[in-house]
Amino acid sequence: MSNIFLRNSKGTTSEHVKWIKLEVPTSSRTQLIDITNLVAAELSKTGVKNGTCSVYMPHTTAGLTINENADPDVARDILAGLAHLVPVTGDYRHAEGNSDAHIKASLMGCSLRVPVIDGRLALGTWQALYFCEFDGPRHRHVLIGITGE
Ligand code: ZN
């Protein structure tokens, strides 16, 4: 991926972000995939000790969220709750037949930002980064951008 140069208030280049593209293959129609270790591995390669880690997901029927990974039932229950909130069939017009996936994608959002402190993702004890598949299985990917020093 190309580097993107950000400019500070003086208009000079202050830092650059190298966006890293990571493949995230999915195996079910709906699925939460813990990508914390993937992201942490890319962070450690950069050597950044203090800064910000951004994760962006360029799809319209998937999402990103942060939630508990200690009990796998939490991820299961998030999917069950979303399925209850947004049924597969309903008063939808989108001809592809995957409107539920588009709605769930918007509920979850497409980006995350996590502080980097002492070279580590500053997540809470129970927090994990999840890729949320809502219309799989598909070949998905995320972009990871790390800034700092
Ligand atoms: Zn669609």
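## Asp118, out in the open

Let's start with Asp118. In this predicted model, Asp118 counts as exposed because it has just 7 C-beta neighbours inside 10 Å, and the cut-off for exposed is 12 or fewer. You'll find Asp118 in the loop between S6 and strand S7 (120-121).

Its backbone is worth a look too. Most residues other than glycine have a negative phi. Asp118 goes the other way, with a positive phi near 55 degrees. This residue sits in the turn of a hairpin that S6 and S7 form, with 2 residues between the strands.

## Strand S6 and its partners

Now follow the chain back into S6. Side chains in a regular strand alternate between the two faces of the sheet. In S6, Leu112, Val114 and Val116 make up the covered face, while Ser111, Arg113, Pro115 and Ile117 are on the uncovered one.

Who pairs with S6? Strand S4 does, in the antiparallel sense, over 6 bridges. S7 pairs with S6 as well, also antiparallel, over 2 bridges. Val116 shows up in both pairings: Val116 is the bridge partner of Gly51, and Val116 stands opposite Leu121 in S7.

## What's in the core?

The largest nonpolar core has 25 residues, and those with the most contacts inside it are Cys53, Val55, Leu64, Tyr130, Phe131 and Cys132. Several elements chip in with at least two residues each: helices H1 (36-46) and H3 (99-108), plus strands S4 (51-56), S5 (62-68), S6 (111-117), S8 (127-133) and S9 (139-148). S8 gives the largest share, 5 residues.

Take Cys53 as an example. Setting aside its neighbours within four places in sequence, which residues is Cys53 in contact with? They are Val39, Leu43, Val114, Val116, Leu121, Ile144 and Ile146. Two of those names should ring a bell: Val114 and Val116 belong to the covered face of S6.

## A cis bond after S8

Most peptide bonds are trans. The one joining Gly136 and Pro137 is cis, with omega at about -5 degrees. Pro137 lies in the loop between S8 and S9.

## The whole chain

Time to zoom out. The chain has 3 helices and 9 strands. Reading from the N terminus, the elements go β-β-β-α-β-β-α-α-β-β-β-β.

How much of the chain is buried? Of its 149 residues, 24% count as buried. As for contacts in the chain with a separation of 6 or more, 77% are between residues 24 or more positions apart.

Definitions and conventions:
Residues are numbered from 1 along each chain as its sequence is written. This is a predicted model: local features need pLDDT of at least 70, side-chain atom pairs count only at pLDDT 80 or more; totals for chains, interfaces and linings use all residues. A nonpolar core is a set of buried Ala, Val, Leu, Ile, Met, Phe, Trp, Tyr and Cys residues joined through C-beta atoms within 7 Å. A residue is buried if 20 or more other C-beta atoms lie within 10 Å of its own, exposed if 12 or fewer, and partly exposed in between; C-beta atoms are placed from the backbone. Helices (H or I, at least four residues) and strands (E, at least two) are DSSP runs, numbered from the N terminus. Two residues are in contact if their C-beta atoms, placed from the backbone, lie within 7 Å. Two strands pair if DSSP finds at least two bridges between them.
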